[in-house]
Amino acid sequence: VTITTRLLVSHLSGIRHYEKDIAKVKEEKEKANRAFKLTKPCQDKEQNEESAKGTEKTDSVKPKKEHEGEVKSRNSKPGKSYKEFEQEEYYLKEKFGSVIESLKIFKNDPLFFKPGSQFLYSTYGFTLLSAVVERASGQKFTDYMLKMFRDLDMLSTVLDDNEAMVYNRARCYVYNKKGRLVNAPYVDNSYKWAGGGFLSSVGDLLKFGNALLYSYQAGQFKNTHGKLLPGYLKPDTVVMMWTPVPKTEVSWDRDGKYAMAWAVVEKKQQYGCCRQQRHYASHTGGAVGASSVLLILPEELDSEAIDSGLVAPPRGVIVSIICNMQSVSLNSTALKIAREFDKEKGAQ
């Protein structure tokens, strides 16, 4: 088979995640789909009732199952164990000297399916992707990324290296089986730098989001008289990154599809005076003792604003939430916050 970098970034490679048994993976997917089908009629009924009252209901569908520790916490009891974090490989303590060395964890395991035929979120797919970056750039993946973070002015974003002294590093927490809050266990993240091995701050993630949004919109603005600096990425590159890929899915928002390392919901309205989907891109993060989300809601620019040259990118709302607690669902909260700020800007 052939595995391309595009398949890796869209989780279509067939490389396993932490679960080694394909039968268990299929069983969990079926359970999640059944749960979603059961909840959808109720959600649709609520949306129709809101529409009948003349109000706009824009809350996204919330699935039962969330990826990589992203679970619904509203009805869950403290200490309730989520199967995702029962996987032993979440708690590896071995220190790997290089990305190439860490490939030994999964490189001899069979693929779960033919690359390109199905979607399966895989942290190890991104470990392989980081090895591609390492070979293509001719330098260590971690050095390459840290230079990029400096270019983006993300000076608080560093490797989650247990030995390093990191100023203001937060302590992470989990609930134990008795429902008590305890310190998260020791983990060495050198086996998955690309998939969950960096520490950052809310401010740095906002800079990252703004840099992407600026790059996305820079090509749309006219009459800037050469005063508009180019984005960190070409506009077409970000458009490509935020274009949904067929056969993918997103567990934290079933309205969306996976694109290239981003979950994307496209602008859509099926019926008049009913629920509208706004275009946005987001990604959640879940690790031992931590949860996060970065959400980008681009402003819907009209032709007058684009052509006048009176406004400049980035235009939209960026929401970043970092929580030093394991298994906290954050995407729906981030989306609600983004919509409130977007509503305020519209009112002005």
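## Overview

Strands here are DSSP runs of E with at least two residues, and helices are DSSP runs of H or I with at least four residues, numbered from the N terminus. On that basis, Asp161 sits in the loop between β1 (158–159) and β2 (173–175). The model is predicted.

The protein has 10 helices and 11 strands. It counts 348 residues, of which 42% are buried. About 19300 Å² is exposed, and carbon and sulfur atoms supply 53% of that area. Take the contacts with a separation of 6 or more: residues 24 or more positions apart account for 68% of them.

## The five-strand sheet

An open sheet of 5 strands runs in the order β5-β6-β9-β10-β11. Its pairing is antiparallel. The edges are β5 (257–258) and β11. Each has a single partner strand, so one side of each lacks a neighbour in the sheet.

Helix α7 (residues 202–218) packs on this sheet. It touches β10 and β11. The direction of α7 makes about 150° with that of β11.

## Pairing, strand by strand

Start with strand β6 (residues 263–265). It pairs with β9 in the antiparallel sense, over 3 bridges. Within this pair, Val264 has Ala281 of β9 as its bridge partner.

Next comes strand β9 (residues 280–287), antiparallel to β10 and joined to it by 7 bridges. Gly285 is bridged to Ser292 in β10. The β9 and β10 hairpin has 2 residues between the strands. In this hairpin, Gly289 takes a positive phi near 85°.

On to strand β11 (residues 316–323). It pairs with β10 over 8 bridges, again in the antiparallel sense. Ser292 stands opposite Ile322 in β11. Ser292 of β10 is thus placed against Gly285 and against Ile322.

How much of strand β10 is covered? Most of it: 7 of the 9 residues in β10 (residues 290–298) are buried.

## Asp161 and its contacts

Is Asp161 buried or exposed? Asp161 has a relative accessible area of 19%. The cut-off for buried is under 20%, so Asp161 counts as buried.

Which residues does Asp161 touch, leaving aside neighbours within four places in sequence? The contacts are Lys95 and Arg169.

## Backbone points to check

Two residues other than glycine carry a positive phi: Asp153 and Lys247. For Asp153, phi is near 65°. Asp153 lies in the loop between α5 (141–151) and β1. Its relative accessibility is 39%, so Asp153 counts as partly exposed.

For Lys247, phi is near 75°. Lys247 belongs to the loop between α8 (235–241) and β5. Its relative accessibility is 53%; the cut-off for exposed is over 50%, so Lys247 counts as exposed.

There is also a cis peptide bond. It joins Pro313 and Pro314, with omega about 0°. Pro314 is located in the loop between α9 (303–308) and β11.

## The N-terminal segment and a surface patch

Where is Val1 placed? It falls in the segment before α1 (5–9). Val1 has 77% relative accessibility, so it counts as exposed.

Val1 is also part of a nonpolar surface patch. The other members are Ile3 and Leu111. Together the three have about 260 Å² of accessible area.

## Asp109 and Ile15

Asp109 is in the loop between α3 (99–102) and α4 (123–137). Its relative accessibility is 32%, so Asp109 counts as partly exposed.

How far apart are the C-alpha atoms of Asp109 and Ile15? They are separated by 8.3 Å. Along the chain, Asp109 and Ile15 are 94 residues apart.

Definitions and conventions
Residues numbered from 1 in each chain as written. Predicted model: local features only at pLDDT ≥ 70, side-chain atom pairs only at ≥ 80, totals over all residues. Heavy atoms only, no water. Buried < 20%, exposed > 50% of the residue type's maximum accessible area, 1.4 Å probe, protein only. Pairing = 2+ DSSP bridges. Patch = residues over 30% accessible without salt bridge, like charges linked within 9 Å, V, L, I, M, F, W, Y side chains within 5 Å. Areas by Shrake-Rupley, 256 points an atom, 1.4 Å probe, with all protein chains shown as cover. Salt bridge = Lys/Arg side-chain N within 4 Å of Asp/Glu carboxyl O. Contact = heavy atoms within 4.5 Å. Axes fitted to C-alpha atoms, helices over the stretch in contact; angles between N-to-C directions.
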